[in-house]
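Here is a short round of questions and answers on one structure. Have the sequence and the 3D view at hand.

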Amino acid sequence: MTKKWTNTYLIPYVLWIGLFVVAPLAMVLYYSFFDIQGHFSFENYLRFFTPIYLKMAISSIGYAFFITFFTLLVAYPTAYLLTRMKNRRLWLMLIILPTWINILLKAYAFIGLLGTYGPVDTLLAMSGAGRRQILFTGSSFVFVSVYLFIPFMILPIYNSLEKLNSSFVEAAYDLGASAWATFRRVIFPLTLEGVKSGCQAVFIPALSLFMLTRLIAGNRVITLGTAIEEHFLVTQDWGMGSTIAVFLILAMVVVMALMGKGWLKRW
Amino acid sequence: MTKKTIIQFDHVAKRFDGEIILKDISFAIERGKFYTLLGPSGCGKTTILRLIAGFLEPSEGTITFDGRMVNKIPPNKRQVNTVFQDYALFPHLNVFENVAFGLRINKLTNKEIEPRVKQALHFVNLDGYQNREIAELSGGQKQRVAIARAIVNQPQVLLLDEPLSALDLKLRTAMQVELRQLQRRLGITFIFVTHDQEEALAMSDEIFVLNQGKIEQSGSPRSIYDEPINRFVADFIGESNIIPGTMLKDRVVSFAGKTFDCVDQGFDEREAVEIVIRPEDLEIKPHGEGLLQVRIESQLFRGVHYEMIGKDEDGNSWMIHSTKSARIGEEIGLFFEPEAIHVMRHGETEEAFDRRLESYEGAGHD
Ligand SMILES: Nc1ncnc2c1ncn2[C@@H]1O[C@H](COP(=O)(O)OP(=O)(O)O)[C@@H](O)[C@H]1O
Ligand SMILES: [Mg+2]
């Protein structure tokens with residue numbers, strides 16, 4: 001009887017997964033085997049391995065890597081400080097709050113901030129550094145992405161730091177370790193799980209960014225995400241767009257597998 | 001301070017947020033001895049250990065280590081290692097790496113580290129456990145790894161915060177013996193924290209009995225057991241009968257409506273006192289014999305002995321430990337030696353107590 005009931009409860013979940021996860025994936029895979037004239041072919045896959053697309057792939061992975069790296073660099077110390085704060089719930093709330101605001105709104109806010117004659121530009125001019133193009137550069141794209149992803153990195157790291165038993169830290173000090181040695185040999189390894197889930201939570205979405213790329217980087221940064229958008233909305237080459245999506249999905253699977261296995265453990 | 005002294009507390013006080021946790025603690029710890037801090041939960045034992053280890057700074061007073069004031073020296077710069085109450089073994093390292101931790105911090109080479117780790121594991125009877133993961137160990141084994149991890153650094157003082165409290169009774173008793181032997185073999189100072197008075201009596205060279213942030217009494221297990229300074233110590237160290245009495249003159253005390261010979265002196269005439277007699281010092285005699293008559297009210301079999309509660313004619317309760325049993329409701333006689341009577345003065349300080357004892361025992365009391 002219980003078995004039957006469990007199955008009944010599963011129906012909505014299975015329907016959801018089937019309709020919104022498996023079916024789209026299957027369709028993407030299906031479309032990837034058709035060229036722009038609608039003929040079945042492997043041409044798209046061959047095209048992916050031409051320099052244009054390979055460069056795009058490398059650039060995507062590179063940007064995602066930098067975004068993840070800088071996010072981690074900011075998020076880890078922040079999460080650490082957070083665990084030592086008096087009213088950490090409040091601070092945590094303040095960090096989570098921006099994630100409730102639509103990403104497009106935030107992107108437009110940054111366009112205003114970073115644009116020509118915007119506050120940052122003006123400040124730079126006043127400080128004597130001179131006016132320069134800030135918006136529509138690779139670095140502004142990384143900067144804004146890092147800003148957007150920071151909360152998603154902080155949360156898992158904060159949680160693992162919270163769970164870290166303070167007596168491990170004391171034991172390390174007791175055994176003669178300096179603050180840095182304690183961090184490197186005890187605190188960081190014991191919060192690696194949080195770091196890994198944070199890196200996953202940032203790297204995977206960063207790999208497929210396209211809206212933000214367009215708005216902040218203009219056409220200076222071309223990634224797989226923007227290429228998919230281009231193929232679907234501009235060139236109408238759904239087959240090639242799907243093929244790129246297939247490779248993106250494969251990349252994500254690889255990242256998850258790597259992070260799950262704990263390759264960072266050897267650190 | 002003598003040459004033997006390794007740690008000294010001088011009028012150390014500790015406050016947390018204005019609340020006084022330790023008040024005016026002074027003591028000297030000598031090299032190579034086994035000390036126990038004994039007291040009920042919350043009395044400040046861990047706080048004292050943390051002051052010695054360097055995790056806390058005293059609010060007042062000074063702590064001296066090997067002749068040097070160490071109030072502000074951080075824990076990683078002290079020649080003291082701690083066995084934590086929850087062991088605090090690093091879960092991401094195996095047994096070998098846990099034990100090697102302090103040596104690696106001190107930048108020893110692998111060649112130097114390996115024999116020392118093996119020797120430390122040998123000391124705690126864990127030969128061949130190097131490659132085990134921490135999660136695979138039992139409570140007693142974790143305990144030993146924690147000790148090995150501390151002693152491998154050859155500290156001058158080893159601090160142990162209730163290390164046996166998580167173990168079952170049998171293992172605990174075995175570990176008590178092992179720890180005591182280990183201390184003797186290593187020849188370093190152990191400062192051991194426990195709330196278990198039997199453990200303290202069994203293991204220590206010297207016991208500090210703590211209560212509410214104060215040292216009530218310090219001394220050898222024997223002297224603390226035989227001559228508790230006050231009601232708290234008498235009660236905390238083993239079972240005892242504590243009865244109000246009057247000191248008639250030197251070596252004569254009256255309680256329970258009768259007059260008895262005793263061995264205590266140095267009191268005022270007709271001073272109100274409390275007398276302590278340990279349950280195992282009471283001997284059961286037939287009704288009418290002995291020094292006191294009681295009616296048995298309850299009896300429990302405690303394994304080795306019977307524990308009986310009797311009431312005398314004055315209404316005082318007497319706890320009796322005896323291998324003989326009695327029937328409930330039975331009238332029996334109780335006999336005890338003059339040495340079994342210990343007289344306590346109300347509100348006597350430890351110094352005054354020691355002075356009074358020395359005045360008539362000579363150098364007999366230590
Ligand atoms: N960091 C701290 N902040 C505030 N109070 C503390 C702190 N550490 C200990 N205390 C208080 O000090 C008292 C003694 O604690 P502790 O030394 O741990 O006792 P014990 O080890 O004898 O059980 C307790 O009442 C405890 O609540
Ligand atoms: Mg404690």
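Q: Which residues are around ligand 1, and which helix supplies the largest share of the shell?
A: The model is predicted. The shell consists of Phe16(B), Ile21(B), Pro40(B), Ser41(B), Gly42(B), Cys43(B), Gly44(B), Lys45(B), Thr46(B) and Thr47(B). By class, four are nonpolar, five polar and one charged. The largest share, three residues, comes from helix H1 (residues 45-53) of chain B.

Q: How much of the accessible area of ligand 1 does the protein cover?
A: Start with the backbone. A polar backbone atom of Gly42(B) is 2.6 Å from a ligand 1 oxygen, and for Cys43(B) the distance to an oxygen atom of the ligand is 3.2 Å. Gly44(B) has a backbone N or O atom 3.0 Å from a ligand oxygen. On its own, ligand 1 has 560 Å² of accessible area, and the share covered by protein is 58%.

Q: Which helix gives the largest share of the lining of the largest cavity?
A: The cavity holds about 60 Å³ of space. Its lining has six nonpolar, one polar and three charged residues, including Arg144(B), Glu178(B) and Arg185(B). Helix H4 (139-151) and helix H5 (169-186) of chain B each supply at least two lining residues. The largest share, five residues, belongs to H5(B).

Q: What percentage of residues 238-259 of chain A is helix?
A: An unreviewed UniProt entry lists this segment as a "transmembrane region", along with others such as 134-158. Residues 134-158 of chain A are 84% helix, with end C-alpha atoms 32 Å apart. For residues 238-259 of chain A, the end C-alpha atoms are 31 Å apart, strand is 0% and helix is 100%.

Technical notes. Residues are numbered from 1 along each chain as its sequence is written. Chains are lettered from A and ligands numbered from 1 in the order in which they are written. This is a predicted model: local features need pLDDT of at least 70, side-chain atom pairs count only at pLDDT 80 or more; totals for chains, interfaces and linings use all residues. Side-chain values use heavy atoms; hydrogens and water are left out. UniProt positions are given in the numbering used here, feature names are shortened, and annotations may be inferred rather than shown by experiment. Helices (H or I, at least four residues) and strands (E, at least two) are DSSP runs, numbered from the N terminus. On a 1 Å grid over the protein atoms alone, a cavity is a set of points where a 1.4 Å probe fits but cannot get out, and a pocket is an open set with protein on both sides within 12 Å along at least five of seven lines; lining residues have an atom within 4 Å of a point. Grid points are joined across faces, edges and corners, and a volume is the space filled by probe spheres set on the points. Ala, Val, Leu, Ile, Met, Phe, Trp, Tyr, Cys and Pro count as nonpolar, Asp, Glu, Lys and Arg as charged, and the others, Gly among them, as polar. A residue is near a molecule or strand if one of its heavy atoms lies within 4 Å of it. A polar contact is a pair of N or O atoms within 3.5 Å; within protein, one must be able to donate a hydrogen and the other to accept it, and residues adjacent in sequence count only if both atoms are side-chain atoms. Accessible areas come from the Shrake-Rupley method with a 1.4 Å probe; for residues, only the protein chains shown count as cover.
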